[in-house]
Amino acid sequence: MDDARAAILAAIRVIPRGQVRGYGEVARLAGLPGRARLVARILSENDDAALPWHRVLRSDGRIAFPARSKGYVEQSRRLKAEGVTVESGRVRGARAVRSEDEALWGPK
DNA sequence: CGAGTGACCCTAT
DNA sequence: AATAGGGCCACTC
């Protein structure tokens with residue numbers, strides 16, 4: 001297992017229950033700025049059921065899967081299960097993040 | 001080496 | 001708010 005993969009998985013495991021992060025944000029927190037696509041790829045290959053992969057969303061707070069796809073349904077289900085409100089594929093309260101030190105979800 | 005692909009991101013319309 | 005166009009990274013053929 002390479003370092004990048006380990007760093008990314010670690011960053012995801014740290015996301016608190018009931019909160020969400022963006023792909024680019026996770027990459028940044030893992031010390032790999034600009035590797036959002038790598039995060040997505042790692043997740044697509046992940047098989048660990050204990051990993052809170054459902055807490056990772058696109059930078060605009062929307063679920064990355066196509067609406068109504070298997071993954072989409074499962075992700076919104078798992079989010080709602082821990083108290084996160086999801087409506088029309090978007091997490092309520094999440095805001096687009098652009099700069100380095102902003103968070104997709106966090107203290108307002 | 002080049003072209004295509006994707007659980008992405010940003011800026012400009 | 002929704003689209004379009006580029007940019008990016010890693011991988012496959």
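A residue is called buried when its relative accessible area is under 20%, and exposed when that value is over 50%. The views below show a predicted model.

**View 1. The buried residues of helix α4.** Helix α4 comprises residues 70-81. Among its 12 residues, G71, Y72, Q75, S76 and L79 are buried. Seen down the helix axis, these buried residues fall within an arc of 125°, so they line one face of α4. Their packing partners are β2 (56-57), β3 (86-87) and β4 (90-91).

**View 2. The exposed face and the span of helix α4.** K70 and A81 are exposed and lie on the face turned away from the buried side of α4. From its first C-alpha to its last, the helix reaches 17 Å, close to the 16 Å expected at 1.5 Å a residue. After α4 comes G83, which has a positive phi, near 90°.

**View 3. The protein surface near DNA strand C.** G34, R35, R37, L38 and R41 surround DNA strand C. Of the atoms of this strand that come within 4 Å of the protein, 67% belong to sugar and phosphate. The surface residues near the strand divide into 3 charged, 1 polar and 1 nonpolar.

**View 4. Polar contacts of arginine side chains with DNA strand C.** An N or O atom in the side chain of R35 is 2.9 Å from a phosphate oxygen of DNA strand C. R41 likewise places a polar side-chain atom 3.1 Å from a phosphate oxygen of the strand. For R37, the partner is a base nitrogen of DNA strand C, which lies 3.2 Å from a polar side-chain atom of this residue.

Note on methods: Residues are numbered from 1 along each chain as its sequence is written. Chains are lettered from A and ligands numbered from 1 in the order in which they are written. This is a predicted model: local features need pLDDT of at least 70, side-chain atom pairs count only at pLDDT 80 or more; totals for chains, interfaces and linings use all residues. Side-chain values use heavy atoms; hydrogens and water are left out. A residue is near a molecule or strand if one of its heavy atoms lies within 4 Å of it. A polar contact is a pair of N or O atoms within 3.5 Å; within protein, one must be able to donate a hydrogen and the other to accept it, and residues adjacent in sequence count only if both atoms are side-chain atoms. Ala, Val, Leu, Ile, Met, Phe, Trp, Tyr, Cys and Pro count as nonpolar, Asp, Glu, Lys and Arg as charged, and the others, Gly among them, as polar. Helices (H or I, at least four residues) and strands (E, at least two) are DSSP runs, numbered from the N terminus. The expected span of a helix is 1.5 Å times one less than its number of residues. Buried means under 20% relative accessible area, exposed over 50%, partly exposed in between (1.4 Å probe, protein chains only). The arc is that of the directions from the helix axis to the C-beta atoms. Contact means heavy atoms within 4.5 Å.
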